[in-house]
Amino acid sequence: MTDPIRKPRLDGLLDYLLTRRSLSSTKLTGPGPNDAELELILRAATRVPDHGKLAPWRIQVVRGEAQHTLGKRWAEIFRRDNPAASDELIESEAKRPARAPLLLIVSTRIENVQRIPRFEQVLSGAAVCLNAIHAANALGYFAAWNTGWPAYHADVKAGLQIPESDEIVGLIYIGSATQPTDERSRPALEDVVSYL
Ligand SMILES: Cc1cc2nc3c(=O)[nH]c(=O)nc-3n(C[C@H](O)[C@H](O)[C@H](O)COP(=O)(O)O)c2cc1C
């Protein structure tokens, strides 16, 4: 019989959380999630804390040809803003959206309701990003949460039909690993935690 007060321990989940690592988007490769896996990732990503049930975020799925089309657009913007940039750099910008087989562009769609501050809606968007990463990891993929200049560029937002007053909170890259992840140091608890 299930205990109505305590949930069963999820030791596997705790192990995962205590060892989770991102893999740099530049170290991701194929294969990426198939359609059924993508749906699971999207369902997990949209099951996040969301004050006021506003769903104040949007996810754009970018795969295959769409990654190259988007890369061309971003490279044009980059070249216009950086006329002295080398062809090599422009080429690497053109490849940016295709660093992994799957790119999720997570943005806010802020609802102007008085009772829920904008900040809280942005935080919910951040939760979407992390849940997508957790779900991808659960399916055996590696993932990276990036932003970089495109996330803050008005023309990039316009090209994605994201209102300028909204935020791109994450470019979430998902794929397989070209190399193993190494450990990254973490803050000592006493440096970041205090007890009142
Ligand atoms: C909002 C946000 C934006 C980020 N943007 C970048 C980025 O553009 N490039 C990058 O190398 N890491 C970026 N990071 C950091 C990585 O996603 C990752 O957290 C970091 O490499 C640490 O790895 P870990 O997730 O294994 O702790 C960003 C993180 C956050 C929260």
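A polar contact, as the term is used in these legends, is a pair of N or O atoms within 3.5 Å. Everything below refers to a predicted model.

**View 1. The whole protein, before zooming in.**
Start with the overall layout: this predicted model has 7 helices and 5 strands. Going along the sequence, they come in the order α-β-α-β-α-α-β-α-β-α-β-α. Along the principal axes, the C-alpha atoms fill a box of roughly 65 × 45 × 40 Å. Of the 196 residues, 36% are buried. If you take the contacts with a separation of 6 or more, 80% of them come from residues 24 or more positions apart. The surface adds up to about 12300 Å² of exposed area, with carbon and sulfur atoms supplying 54% of it.

**View 2. The ligand and the residues around it.**
Which residues surround the ligand? Reading up the numbering, they are Arg20, Arg21 and Ser22, then Trp145, Asn146, Thr147 and Gly148, and finally Arg184 and Arg186. Sorted by class, that shell holds 4 charged, 4 polar and 1 nonpolar residues.

**View 3. Polar pairs at the ligand.**
Zoom in on the oxygen atoms of the ligand. One of the ligand oxygens sits 2.4 Å from a side-chain N or O atom of Ser22, so this pair falls within the 3.5 Å cut-off for a polar contact. Trp145 comes in through its backbone instead, placing an N or O atom 2.6 Å from a ligand oxygen. Thr147 also uses a backbone N or O atom, at 3.0 Å from an oxygen atom of the ligand. As for cover, the ligand on its own would expose 620 Å², and the protein buries 59% of that.

**View 4. Helix H2, buried side and exposed side.**
H2 spans residues 35-45, and its buried residues are Glu37, Leu38, Ile41 and Ala45. Why do these four count as being on the same side of H2? Because the arc they cover around the axis is only 100 degrees. Swing around to the other side of H2 and you find Asp35, Ala36 and Arg43, which are exposed. What do the buried residues of H2 pack against? Their partners are strands E2 (57-63), E3 (102-108) and E5 (168-177), plus helix H5 (118-138). At the start of H2, a side-chain oxygen of Asn34 comes within 3.1 Å of the backbone nitrogen of Ala36.

**View 5. Arg96, a buried arginine in a loop.**
Arg96 belongs to the loop that links helix H4 (87-94) to E3. Buried or exposed, how does Arg96 count? Its relative accessibility is 11%, so Arg96 goes down as buried, given that the cut-off for buried is under 20%. The side chain of Arg96 has a polar contact of 2.8 Å with the side chain of Glu93. Leaving out residues up to four places away in sequence, Arg96 touches Trp74, Thr147, Gly148, Trp149, Pro150 and Tyr173. Thr147 and Gly148 should look familiar, as they are among the residues surrounding the ligand in View 2.

**View 6. Ser107 in strand E3.**
Ser107 is a strand residue, found in E3. With a relative accessibility of 1%, Ser107 counts as buried. Who are the neighbours of Ser107, once residues up to four places away in sequence are skipped? Ser107 touches Pro56, Trp57 and Arg58, together with Ile162 and the run Glu167, Ile168 and Val169.

**View 7. Backbone oddities on either side of H2.**
This view is about backbone torsions. The peptide bond leading from Gly30 to Pro31 is cis, and its omega is near 0 degrees. Pro31 lies in the loop between strand E1 (28-29) and H2. The loop between H2 and E2 holds Lys53, and Ala55 is in the loop between H2 and E2 as well. Lys53 has a positive phi of about 55 degrees, although Lys53 is not a glycine. Ala55, also a residue other than glycine, has a positive phi near 45 degrees. For exposure, Lys53 counts as exposed because its relative accessibility is 77%. Ala55, at a relative accessible area of 30%, is partly exposed.

Notes. Residues are numbered from 1 along each chain as its sequence is written. This is a predicted model: local features need pLDDT of at least 70, side-chain atom pairs count only at pLDDT 80 or more; totals for chains, interfaces and linings use all residues. Side-chain values use heavy atoms; hydrogens and water are left out. A residue is near a molecule or strand if one of its heavy atoms lies within 4 Å of it. A polar contact is a pair of N or O atoms within 3.5 Å; within protein, one must be able to donate a hydrogen and the other to accept it, and residues adjacent in sequence count only if both atoms are side-chain atoms. Accessible areas come from the Shrake-Rupley method with a 1.4 Å probe; for residues, only the protein chains shown count as cover. Ala, Val, Leu, Ile, Met, Phe, Trp, Tyr, Cys and Pro count as nonpolar, Asp, Glu, Lys and Arg as charged, and the others, Gly among them, as polar. Buried means under 20% relative accessible area, exposed over 50%, partly exposed in between (1.4 Å probe, protein chains only). Helices (H or I, at least four residues) and strands (E, at least two) are DSSP runs, numbered from the N terminus. The arc is that of the directions from the helix axis to the C-beta atoms. Contact means heavy atoms within 4.5 Å.
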